[in-house]
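Colleague: I am new to this one. Could you take a close look at its salt bridges, and then follow the chain outward from there?

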Amino acid sequence: MSERRVPCPSCGARIVEGARKCRACKAWLGERPRGSSASLSGREPRLARAAVSVASGVAAVIIATVTSLKSPVGEAPPLTALTPEGAAPSSGVADDAPNPAAFGPDSPEGAPPPSADAKGRWRAREFRIGDVHPLDVVFSPSGTSIYVSADDASLREYKLQSGELIHKASMPAQGDHIRLLFDRYVAVLRHEDAARIPVMDTTAWDRDPVLLDVGRTPGDIVALPDGRTVVAATTDTKRVTKFELPTGVRLANITLPHATGQLFLVQAEGRPYIAALGALTHAGRPAGAWIDLFDPSESPFGATRRSIAVGREPREGDITRDGGAVFFPDRLSNTAILLSVAGVTETRKAPVGVGPTAGFLLDEDRYGITLNAEGRTASVIELSTMAVKGTLPLRGEPRTGVTSPDRRTLFVALGGAQWPPAGSGVAVIAGDPPRVVASLPTGKGACAVAVSKDGARAVVASYWDRSITVLEQQ
């Protein structure tokens with residue numbers, strides 16, 4: 001069937017009559033088809049834009065109406081104020097607030113025990129600390145818990161009433177001894193294979209400890225009266241260094257001619273002084289000991305120090321209540337030494353038992369006590385005359401001891417001088433004149449002892465038994 005063709009009105013090409021679009025020039029002929037893309041690009045997009053505008057206006061009206069209504073919930077509580085890093089916790093925080101680093105819920109503490117009575121009877125109870133060996137122990141400021149250094153290089157806190165582990169933090173190394181500083185920080189001392197002292201903030205167990213770079217073989221650390229600085233000493237590097245807490249910034253340091261093993265905060269010339277007790281060795285044998293006295297606030301640090309010869313092999317000592325004298329034994333000469341530093345330096349001595357390893361002061365500094373490891377005795381010295389008033393037999397070899405804050409009671413751990421300790425038991429020395437008023441059992445390996453601030457409780461850590469013995473007055 002033939003189709004009639006006519007010319008295209010636009011280009012003149014022959015197209016089928018009635019066609020709507022020319023195949024040659026692509027021009028539309030007559031009315032455009034409804035629903036084509038050309039018609040949608042005109043009228044229909046305009047309709048879509050109009051619909052979107054109307055919908056947006058309606059939504060804006062609805063949002064304004066809803067937000068103008070009053071909330072039935074009421075005002076939100078105020079935000080909790082955050083404590084700045086390194087600052088003491090705010091007094092506005094409740095005492096029973098949960099601690100994020102604690103094991104399980106915090107349980108309420110029991111009532112504090114009554115103050116110690118020198119004539120009271122003592123009883124012992126014990127609790128286990130798990131699968132670790134304790135190395136040292138110290139009371140928390142509240143007296144309701146204790147801090148324990150364990151041989152897995154951890155610092156732990158246990159509730160005294162229940163023995164529950166409530167805090168635990170990992171340290172860079174085991175802590176042979178621990179020291180409580182400013183009732184807030186715990187310094188962990190590793191005497192061998194270490195060059196830093198970790199200091200743990202007990203108000204922030206979820207943070208890492210601050211590391212004080214003191215040098216090889218840390219010896220001791222003591223807090224200064226300003227509440228923010230400490231002085232630490234080493235044996236191998238013979239350095240005495242001043243640090244600031246909680247930042248751990250080193251402020252100053254000096255090097256002494258001998259290895260410093262003990263630091264005391266004494267009163268000399270009417271102000272606080274550091275007394276650094278150290279010794280020299282020759283071919284592995286003691287060759288002399290000295291105390292260096294200096295004002296830690298002076299600049300440069302330790303510039304005006306003075307040295308005092310004090311024997312050959314000094315051991316653990318104590319200072320008088322007024323800070324004017326230092327009392328300590330000398331193991332090689334079997335003597336006790338009382339060194340006055342308040343004014344003119346004066347040294348007085350008294351013979352004691354065999355192998356003295358520690359010295360303590362009792363009864364308002366009337367008596368000095370030395371623990372004699374080889375003789376398994378304690379020598380009682382009247383300090384006014386430096387005369388030996390008596391020798392107290394002990395049921396085991398003494399390892400270490402601690403006095404109550406009022407200096408009326410001395411607790412002696414009878415673990416022995418060897419390490420690890422093999423002995424057990426604790427002796428309680430009190431009275432006027434001092435005598436052994438109680439001998440109580442402990443676990444095997446009594447290695448450390450501590451006493452609470454009120455003197456009503458004491459604890460003994462037992463290495464082999466993995467336990468803590470709590471001593472309380474009945």
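Modeller: The count comes to 25 salt bridges. A salt bridge here is a side-chain nitrogen of Lys or Arg within 4 Å of a carboxyl oxygen of Asp or Glu. This is a predicted model: local features need pLDDT of at least 70, side-chain atom pairs count only at pLDDT 80 or more, and totals for chains, interfaces and linings use all residues. Residues are numbered from 1 along each chain as its sequence is written, and side-chain values use heavy atoms, with hydrogens and water left out.

Start with E472 and R125. Their side chains meet in a salt bridge, at 3.2 Å from N to O. This pair links distant parts of the chain: E472 sits in strand 34 (residues 467-473), R125 in strand 3 (residues 122-128), and 347 residues separate them. A strand is a DSSP run of E with at least two residues, numbered from the N terminus. E472 is buried, at 7% relative accessible area. R125 is partly exposed, at 22%. Buried means under 20% relative accessible area, exposed means over 50%, and partly exposed lies in between, with a 1.4 Å probe and protein chains only.

Next comes R179 with D220. The closest N and O atoms of this salt bridge are 3.5 Å apart. R179 lies in strand 8 (residues 177-181) and D220 in strand 12 (residues 218-223), so the pair ties together parts that are 41 residues apart in sequence. R179 is partly exposed at 29% relative accessibility. D220 is buried, at 7%.

A third pair is E313 and R315. Their closest N and O atoms are 3.0 Å apart. E313 is buried, with 15% relative accessible area. R315 is partly exposed, with 27%. Back at the E472 pair, shared partners join R123, R125, R457 and E472 into one network of salt bridges.

E313 and R315 also lead to P329. P329 touches both, along with others including P314, E316, A358 and T370, leaving out residues up to four places away in sequence. Contact means heavy atoms within 4.5 Å. P329 lies in strand 21 (residues 325-330). It is buried, at 0% relative accessible area. A358 is 29 residues from P329 along the chain, yet their C-alpha atoms are separated by 6.2 Å.

Now the sheets. Strands of a sheet pair through backbone hydrogen bonds, either parallel or antiparallel. Two strands pair if DSSP finds at least two bridges between them. One open sheet has four strands in the order 16-17-18-19, with antiparallel pairing. Its edge strands are strand 16 (259-268) and strand 19 (306-309), and each pairs on one side only. Neighbouring strands are turned by 25° against each other on average, direction ignored. For such angles, axes are lines fitted to C-alpha atoms, and angles run from 0 to 180 degrees between N-to-C directions.

Strand 16 is mostly covered, with seven of its 10 residues buried. Nine bridges join it to strand 17 (residues 271-282). There, Q267 has P272 as its bridge partner. The hairpin of these two strands has two residues between them, and E269 takes a positive phi near 55°. At the other edge, strand 18 (residues 285-294) and strand 19 pair over four bridges. I291 stands opposite I308 in strand 19.

Another open sheet of four strands follows the order 4-5-6-7, again antiparallel. Strand 4 (134-139) and strand 7 (165-170) are the edges, each pairing on one side only. Its twist averages 20° from one strand to the next. Strand 4 joins strand 5 (residues 145-150) through five bridges. F139 stands opposite I146 in strand 5.

S145 is found in strand 5 as well. It is buried, at 3% relative accessible area. The side chain of S145 makes two polar contacts worth a look: one with the side chain of S140, at 2.9 Å, and one with the side chain of E157, at 2.6 Å. A polar contact is a pair of N or O atoms within 3.5 Å; within protein, one must be able to donate a hydrogen and the other to accept it, and residues adjacent in sequence count only if both atoms are side-chain atoms. Beyond its neighbours within four places in sequence, S145 is in contact with F139, S140, E157, Y158, K159 and L160.
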